[in-house]
Amino acid sequence: MEIKSNLGEIKIANEVIQTIAGLAAVEVFGIVGMYSKSSIKDGLADLMNKDNFKKGIVVRNDEEKNLHVDAYVIVKYGVKISEVAFNAQQGIQYQLKEMLGISVDNVNIYVQDVKVTSEEKELKQ
């Protein structure tokens with residue numbers, strides 16, 4: 001991503017955008033982790049720890065230089081998935097605008113799994 005100003009150019013690596021978007025996503029209530037995009041291709045579930053959450057974020061630019069962010073998430077069992085996804089979209093857009101001053105054209109949330117936490121397991125026993 002490049003930002004031009006009257007003082008020069010600012011180049012922001014996609015990894016920076018991934019990090020900010022991943023942090024914003026895991027802060028949303030109901031999201032328990034990120035899902036590695038490479039694991040999706042391999043067919044392996046890989047709950048990412050906090051050091052690797054950005055691997056669940058894909059940043060794309062189209063021909064018109066529009067920015068698209070895809071987040072592959074794992075949600076907690078028992079939450080309303082549509083609300084969690086909407087809150088994640090808003091959080092990612094807000095953080096990228098506040099921290100980098102960039103607008104995101106699309107934030108796509110892909111719910112890859114539902115995780116039953118130990119609290120839910122204990123309640124069912």
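**Notebook: salt bridges and helix α3**

I began with R60, which forms a salt bridge with D70, the closest N and O atoms being 2.9 Å apart. R60 sits in strand β5 (residues 57-61) and D70 in strand β6, so this pair ties together parts that are 10 residues apart in sequence. I kept in mind from the start that I was reading a predicted model.

Next I looked up how accessible the two partners are. R60 comes out as partly exposed, with a relative accessible area of 35%, whereas D70 is buried, at 5%. I noted the cut-off that I needed for this step: a residue counts as buried under 20% relative accessible area and as exposed over 50%.

I then asked how many salt bridges a search of the whole structure finds. The search gives 3, and I wrote down the general reason why such pairs can form: side chains of opposite charge can pair when their charged atoms come close.

One of the salt bridges joins E9 and K4, with 3.5 Å between the closest N and O atoms. Here E9 is partly exposed, at a relative accessible area of 45%, and K4 counts as exposed, at 63%.

Another salt bridge links E83 with K80, and its closest N and O atoms are 3.8 Å apart. I found E83 to be partly exposed, with 45% relative accessibility, while K80, with 54%, counts as exposed.

From there I turned to helix α3, which runs over residues 81-100, and checked its length against expectation. At 1.5 Å a residue, its 20 residues should span 28 Å, and the end C-alpha atoms are indeed 28 Å apart, so the two values agree.

Which residues of α3 are buried? I listed V84, A85, A88, G91, I92, L96 and L100. These buried residues cover an arc of only 125 degrees around the axis, which means that they lie on the same side of α3. To follow the pattern, I reminded myself that an α-helix has 3.6 residues a turn, so residues three or four places apart point the same way.

I also wanted to know what covers the buried residues of α3. The elements that cover them include the strands β1 (2-5), β3 (31-35), β6 (67-76) and β7 (106-115), together with helix α1 (14-26). Strand β6 was already in my notes, because D70, the partner of R60, lies in it.

My last entry concerns the end of the helix: just after α3, G101 takes a positive phi of about 75 degrees.

How values were computed: Residues are numbered from 1 along each chain as its sequence is written. This is a predicted model: local features need pLDDT of at least 70, side-chain atom pairs count only at pLDDT 80 or more; totals for chains, interfaces and linings use all residues. Side-chain values use heavy atoms; hydrogens and water are left out. Helices (H or I, at least four residues) and strands (E, at least two) are DSSP runs, numbered from the N terminus. The expected span of a helix is 1.5 Å times one less than its number of residues. Buried means under 20% relative accessible area, exposed over 50%, partly exposed in between (1.4 Å probe, protein chains only). The arc is that of the directions from the helix axis to the C-beta atoms. Contact means heavy atoms within 4.5 Å. A salt bridge is a side-chain nitrogen of Lys or Arg within 4 Å of a carboxyl oxygen of Asp or Glu.
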